[in-house]
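Subject: Structure handover

Hello,

Here is the structure I said I would pass on. Please open it alongside this message.

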Amino acid sequence: MQIETQQLTTCEVAPDGCAISLGFVDGKGEPATIRLSINQVGALVMTLPGLISKALQTRFGDQSLRYAYPLDSWVIEQSTDPTQGMMTLKTSDGFSVCFSIPRAQQNELGEALVAPPAIKVRVRAN
């Protein structure tokens with residue numbers, strides 16, 4: 001079954017926290033809802049960034065394109081695991097992603113952020 005959507009209407013967390021529901025208006029103008037388990041949502045979230053980049057690359061015929069989110073703030077925290085840190089990146093509209101990051105990678109990331117750019121890159125807004 002293929003469902004065309006016109007508009008996303010609601011996003012809700014189940015009372016037990018084990019699933020989310022996405023409400024939308026289908027192609028016929030009828031309300032519909034899809035319910036996804038937390039595991040399914042996690043798989044979907046990991047898949048979407050690659051899909052949106054692939055869609056842009058296909059649409060514009062440019063393999064260098066990526067969908068970029070404007071960074072508004074970031075937080076570095078210590079994990080309960082002493083060998084791991086946590087880095088949360090946030091946009092101004094509320095989107096955020098938290099990464100666990102091993103100590104060695106934290107050092108590499110810090111060095112990469114302060115190093116001069118290796119090559120000039122053509123920048124395009126999304």
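Below is what was found in it, from the whole chain down to single residues.

Please keep in mind that this is a predicted model.

Overall layout

The protein chain contains two helices and six strands. Read from the N terminus, the order is β-β-β-α-β-β-β-α. The C-alpha trace spans about 55 × 40 × 25 Å along its principal axes. The radius of gyration of the protein chain is 19 Å, whereas a compact globule of 126 residues would have one near 14 Å. Of the 126 residues, 18% are buried. Among contacts with a separation of 6 or more, 5% are between residues 24 or more positions apart. The exposed surface of the protein chain comes to about 10,400 Å², and 59% of that area is supplied by carbon and sulfur atoms.

Helix H1

Helix H1 covers residues 38-60, which is 23 residues. From first C-alpha to last it reaches 33 Å, close to the 33 Å expected at 1.5 Å a residue. There is nevertheless a kink of about 30° in H1, at Leu48. The proline Pro49 follows shortly after that kink.

Which residues of H1 are buried? They are Val41, Ser53, Leu56 and Gln57. The buried residues of this helix pack against strand E2 (19-26) and strand E3 (31-37). An α-helix has 3.6 residues a turn, so residues three or four places apart point the same way. You may want that in mind when looking at Ser53, Leu56 and Gln57, which are among the buried residues of H1.

Ala55 is also in helix H1. Its relative accessibility is 45%, so Ala55 counts as partly exposed. The C-alpha atoms of Ala55 and Asp81 are 37 Å apart in space, with their positions 26 residues apart in sequence. Just after H1, Gly61 has a positive phi of about 65°.

Helix H2

Helix H2 takes in residues 103-114, twelve residues in total. Its end C-alpha atoms are 17 Å apart, which agrees with the 16 Å that twelve residues should span at 1.5 Å a residue. Is this helix largely buried or largely in the open? One of its twelve residues is buried, so H2 lies largely in the open.

Strand E1 and the loop after it

Gln6 lies in strand E1, and this residue is exposed, with a relative accessible area of 53%. Apart from neighbours within four places in sequence, Gln6 is in contact with Val25, Asp26, Gly27, Lys28 and Gly29. The C-alpha atoms of Gln6 and Gly27 are 5.7 Å apart, although the two residues are 21 apart in sequence.

The loop between strand E1 (5-13) and E2 holds Pro15. Pro15 has 90% relative accessibility, so this proline counts as exposed. From the C-alpha of Pro15 to that of Gln63 the separation is 42 Å, and the two residues are 48 apart along the chain.

Strand E5

Met87 has its place in strand E5, residues 84-90. Is Met87 buried or exposed? Its relative accessibility is 15%, so Met87 counts as buried. Setting aside neighbours within four places in sequence, Met87 is in contact with Val75, Ile76, Val97, Cys98, Phe99 and Leu109. The C-alpha atoms of Met87 and Gln63 are separated by 28 Å, and these residues are 24 apart along the chain.

Cysteines

How many disulfides does the structure hold? The number is zero. Cys11 is in no disulfide, and the nearest cysteine sulfur to its own, that of Cys18, is 18 Å away. A disulfide requires a pair of cysteine sulfur atoms within 2.5 Å, so 18 Å rules that pair out. Cys11 is exposed, with a relative accessible area of 55%. Cys98, one of the contacts of Met87, is partly exposed at a relative accessible area of 46%.

Regards

Note on methods
Residues numbered from 1 in each chain as written. Predicted model: local features only at pLDDT ≥ 70, side-chain atom pairs only at ≥ 80, totals over all residues. Heavy atoms only, no water. Helix = DSSP H or I, 4+ residues; strand = E, 2+ residues; numbered from the N terminus. Expected span 1.5 Å × (residues − 1). Bend = angle between axes of the 7 residues up to and from the residue. Buried < 20%, exposed > 50% of the residue type's maximum accessible area, 1.4 Å probe, protein only. Contact = heavy atoms within 4.5 Å. Rg over C-alpha atoms; globule rule 2.2 N^0.38 Å. Areas by Shrake-Rupley, 256 points an atom, 1.4 Å probe, with all protein chains shown as cover.
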